[in-house]
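Here are my notes on the model, as numbered points. Please read them with the structure open.

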Amino acid sequence: ASFDFTKVLWWAWGAIALLLVARRVWAEVSARRIIARGRRPTPALAERCLGVARAHGMEDVTIVITDEAACPAVAGLVHRAIILPANAEEWADAQVSAILAHELAHVERRDCFVNLLGDLAAAIYWCNPLAHYAARRIRAEAERACDDAVVRASADADAYALMLLDITRASQKARPLPRAATAMARPSELESRVVALLHNRAPRSPMGRMLTL
């Protein structure tokens, strides 16, 4: 019988794509489990968080505290939740405001859903390195956009950059969150984000609707 090499390639492509998609779906399940196992903030921290959320008009966002994360993150496609590490109760008011402003910007931008689309596209086009590069850039640019949102909210850019450095240092010692959770600080993106924060003339206003389209 003749050997159909094209059919073998199609089956190989489909099997690897299915495996990568399944891994990404499992990341969503893992993130939801972390949220389900999390606990509510203490009344004092909850009141501080509510004040920041109310200022951004997003009081319905769930906030959980977990020992499974060392870095703030946001997760969830429909019911979005902000994940805070256990030491969040020790944060100063300025730190709580800056971190929640960053995570609420992710929620407003629907970055969890956008990141999922990017990861699924990279899974389907797994043999194309440009697809993986695009998925990474989507995440990196989302982080920079949320950093800009924090600075626009009157946060000090220098202090915020130092806070990012501290969060990144703490997260390196802990188990990484599932990919479905949009972590606030990743070592691979830290340098470009800090440089952008310290660039005083960098434009920080969001794009208009026509330019976005």
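1. A term first, for the helix labels below. Helices (H or I, at least four residues) and strands (E, at least two) are DSSP runs, numbered from the N terminus. With that numbering, α4 gives the most to the lining of the largest cavity, with three residues. Keep in mind throughout that this is a predicted model.

2. On that largest cavity: its space is about 50 Å³. The lining consists of V74, G76, L77, R80, H106, V107, R110, D111, C112 and F113. Both α3 and α4 supply at least two of the lining residues. By class, five are nonpolar, two polar and three charged.

3. How many cavities of 30 Å³ or more does the whole structure hold? The search finds two. The second largest has about 30 Å³ of space. R139, E143, T182, A183, R186 and E189 form its lining. Here α5 and β4 are the elements that give two or more residues. Four residues of this lining are charged, one is polar and one is nonpolar.

4. Now the pockets. The largest pocket holds about 770 Å³ of space. It is lined by 25 residues, and R109, A145, P206, M207 and T212 are the closest to its centre. Two or more lining residues come from each of α3 (93-109), α4 (111-124), α5 (129-152) and α8 (209-212). The largest share is that of α5, with six residues. The class split is 13 nonpolar, four polar and eight charged.

5. The second largest pocket has about 280 Å³ of space. Its lining counts 14 residues; L20, R23, R24, D119 and R179 lie nearest the centre. The elements giving two or more residues are α1 (5-37), α4 and α5. Of these, α1 gives the most, with six residues. Seven lining residues are nonpolar, two polar and five charged.

6. Next, the sheet. It is open, with four strands in the order β1-β3-β2-β4 and mixed pairing. Why do β1 (62-66) and β4 (182-183) each have one side without a neighbour in the sheet? Both stand at the edges with a single partner strand, so one side of each is left free of a sheet neighbour. Inside the sheet, β2 (residues 73-75) pairs with β3 (residues 81-85) in the antiparallel sense, over three bridges. A75 has A81 as its bridge partner in β3.

7. Cysteines: the whole structure has zero disulfides. For C71, the nearest cysteine sulfur is that of C146, 13 Å away. The cut-off for a disulfide is 2.5 Å between sulfur atoms. Is C71 buried or exposed? Its relative accessibility is 5%, so C71 counts as buried. C127 counts as exposed because its relative accessibility is 54%.

8. Aromatics: the count comes to one pair. The ring centres of W10 and W13 are 5.6 Å apart and the planes stand at 90°, so the pair is edge-to-face. Both residues belong to helix α1; being three residues apart, they are separated by about one helical turn. W10 counts as exposed, at 56% relative accessibility. W13 is partly exposed, with a relative accessible area of 31%.

Methods: Residues are numbered from 1 along each chain as its sequence is written. This is a predicted model: local features need pLDDT of at least 70, side-chain atom pairs count only at pLDDT 80 or more; totals for chains, interfaces and linings use all residues. Side-chain values use heavy atoms; hydrogens and water are left out. Two strands pair if DSSP finds at least two bridges between them. Buried means under 20% relative accessible area, exposed over 50%, partly exposed in between (1.4 Å probe, protein chains only). On a 1 Å grid over the protein atoms alone, a cavity is a set of points where a 1.4 Å probe fits but cannot get out, and a pocket is an open set with protein on both sides within 12 Å along at least five of seven lines; lining residues have an atom within 4 Å of a point. Grid points are joined across faces, edges and corners, and a volume is the space filled by probe spheres set on the points. Ala, Val, Leu, Ile, Met, Phe, Trp, Tyr, Cys and Pro count as nonpolar, Asp, Glu, Lys and Arg as charged, and the others, Gly among them, as polar. Rings of Phe, Tyr and Trp (its six-membered ring) pair if their centres lie within 6.5 Å; planes under 30 degrees apart count as stacked, over 60 as edge-to-face and the rest as tilted.
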